[in-house]
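Here are a few short exercises to work through with the model open. Try each one before you read the solution.

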Amino acid sequence: FVPLKVSNSKHQKGYHCSIFIMGNFHKYLEYRKLYPVFIYESFTVQMLDSSIEISFDFNLSDKFHFRPVSRFPLKKNLCRDDIKAEELNNLAFYLGMVELVSYWKASCSPTVIIEPYGLDPFLQEWWKKLYFKGLGEFFYVNEIPASYDDFMDIQSQGLPPAKLPESIAFNDEVLIPVGGGKDSVVTLELMQHAGIPSIPLIVNPRGATIETALTAGFERKDTFEISRSIDPLLLEINAKGFLNGHTPFSALLGMECLISSVITGRRHIALSNESSANESTVKGQEVNHQYSKSIEFERDFREFVAKYISPKLNYFSFLRPLNELQIARFFSLFPKYFPVFKSCNAGSKTNIWCCNCPKCLFTFIILSPFLEKHTLENIFGEDLFEKPSLKNTFDELIGLSEAKPFECVGTIEEINMALCMAVKDCKGKNLPFLLDYYTKTKMYPVYSHVFPEEILGQLSSEHFLNDVFVKVLHS
C-alpha cells in the first residue's frame with residue numbers, strides 16, 4: 001500500500017530505501033491512533049409547534065462532541081394530524097446512522113460504537129457496505145488505501161428498533177425530491193402530465209429549488225421543506241486540517257424522504273436518478289461519485305426499508321429507465337424552467353452557473369443537441385464551447401483521462417454521443433473551439449457513426465418502477 005522509492009547509486013554502498021507516504025494517508029494513520037473510538041451516543045425526537053426536530057449526539061474519543069439537527073415542517077395541508085413522536089424513533093435512529101459518516105470521516109476512527117440500538121449481522125454488513133462504497137471517492141482523492149475488512153469495526157448491543165406501526169395509513173401520492181436541476185424538473189412535469197398527485201420535497205431550500213417548485217405550479221405552502229444543519233464544530237476541525245471529502249448524500253436524502261413519508265402519509269418516494277449514475281467515476285475501479293444514486297444502492301435500500309422499516313413505503317428512482325440524453329431531450333420540452341434551473345454546485349449559494357466547472361460544462365454538452373445555440377447562451381450567459389480554459393475538464397468528460405470529474409455527470413458514451421450530435425447540427429459551419437478540438441480527438445471517430453436513435457429510443461429494464469409509473473414514461 002505504501003509506495004517505495006529505491007535508489008541504487010554507484011557512489012553509495014548498497015541500497016538506500018525511502019518511504020514516501022502519499023496524499024493524506026499519514027493523517028489517516030495518525031488520526032486513527034489519536035481518536036480510536038467514534039460513538040453514536042443518542043438521538044432525540046421533539047414535537048414542536050411548527051416542526052419535528054431530530055438531533056443526534058456523536059462523540060469522537062471524548063475530545064469532540066457533535067450535535068447535527070434536522071427539522072421537518074408540520075404543515076396542516078400536507079401532514080398527518082395523528083403523528084406521534086415515538087413513530088419516528090426507528091427512522092430517526094437510522095437517519096443518525098447516515099449522518100454519523102460525515103463526522104466519522106474527519107478522523108476515520110477504527111472503532112464505531114452504536115449505543116441507541118443494536119445492529120443484527122445483516123444491518124452491520126449493510127451499513128458497513130454503505131460507508132465503504134459511499135466513501136470510495138473520499139478514500140481515492142485522499143489517497144487512502146483503506147480495505148473493507150479493517151477500515152471500520154462497528155460494535156453494538158441489543159436489538160434493532162421496531163418497524164413502523166402497521167396502523168399508519170399511507171395514500172398513493174408521491175413525494176418528489178427537488179434539487180433544482182433538469183432531472184427533478186422532468187420527474188415533476190411527467191408526473192403532473194399523467195395526473196399523479198405529488199408534492200415537491202426540498203432539503204435546505206435555495207433559489208433554484210424554490211423557483212423550480214414555483215414554476216411547476218406549487219406554492220411554498222404546498223412544498224415540503226426540510227432544514228438540515230451541520231454542527232459548526234465539524235467545519236472548524238476541517239479548517240484545521242482534519243480529513244474531509246465526499247460522503248453519500250443521496251443516502252441521507254433517502255432517509256429524510258422516508259421520515260417525510262411518515263409525516264405526510266405519502267407512500268411513494270420518486271427520486272430522479274438515471275441509469276447513467278451506475279458508471280464508475282474511475283476507470284477499472286469501483287469508485288463512483290454517484291454510488292448512493294446507483295441501482296446497486298437503490299436495490300440495497302429498498303431491501304433495508306422492507307425488512308426494517310415498512311414494506312408499505314416505496315422508494316424508487318422514476319428516471320432509472322432513462323439515460324442522460326433522453327432526460328435532456330425531455331427537459332428541452334419545458335422552456336419555462338430554462339431561466340430558473342441550476343445544476344452548478346460551485347454557484348449554488350449565489351444561484352448562478354459558474355461556467356467554469358465540470359457540472360456546468362456537462363449540462364451544456366448534454367443539452368446542446370436539443371437546444372439552439374442562442375438558447376444555451378441565454379441559460380448560461382456564454383458559449384461554453386468557446387472556452388479553451390475548459391479543455392482539461394472536457395478531456396475528463398469524454399474519457400481521455402483516468403477518471404471522470406467527481407460530479408454527477410453522464411456516462412462517457414452519452415457525453416460523446418451528445419458532442420457528435422452537436423457537431424452534426426453545425427452542418428459545416430465553423431465549429432466552436434471545444435467542438436473543433438473534439439473532432440481531432442480519438443473519441444470522435446469511435447462515436448461519430450453511432451446512431452443516436454438507438455440510445456434515445458430505449459428504456460432500460462433495470463429499474464424498480466411499478467406498472468403505473470412505467471406507463472407514464474411510455475406515454
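**Exercise 1. Count the disulfides, then check Cys257 and Cys426.**

Solution. Take a disulfide as a pair of cysteine sulfur atoms within 2.5 Å; by this rule the count is zero. A quick note on the ground rules: this is a predicted model, where local features need pLDDT of at least 70 and side-chain atom pairs count only at pLDDT 80 or more, while totals for chains, interfaces and linings use all residues. Residues are numbered from 1 along each chain as its sequence is written, and side-chain values use heavy atoms, leaving out hydrogens and water.

Step one: for Cys257, the closest cysteine sulfur sits in Cys79, 14 Å away, so that's too far for a bond. Step two: for Cys426, the closest one belongs to Cys420 at 12 Å, again too far. Step three: Cys257 is buried (under 20% relative accessible area, 1.4 Å probe, protein chains only), at 0%. Cys426 is buried too, at 17%.

**Exercise 2. Find the residues that touch the most other members of the largest nonpolar core.**

Solution. Such a core is a set of buried Ala, Val, Leu, Ile, Met, Phe, Trp, Tyr and Cys residues joined through side-chain atoms within 4.5 Å. This one has 83 residues, and the answer is Tyr94, Met97, Trp104, Trp127, Met255 and Phe304. Helix α2 (residues 89–104) gives the largest share, 11 residues; helices here are DSSP runs of H or I, at least four residues, numbered from the N terminus. Apart from this core lies another, of 72 residues, including Val185 and Leu390.

Note on methods:
Buried means under 20% relative accessible area, exposed over 50%, partly exposed in between (1.4 Å probe, protein chains only). Helices (H or I, at least four residues) and strands (E, at least two) are DSSP runs, numbered from the N terminus.
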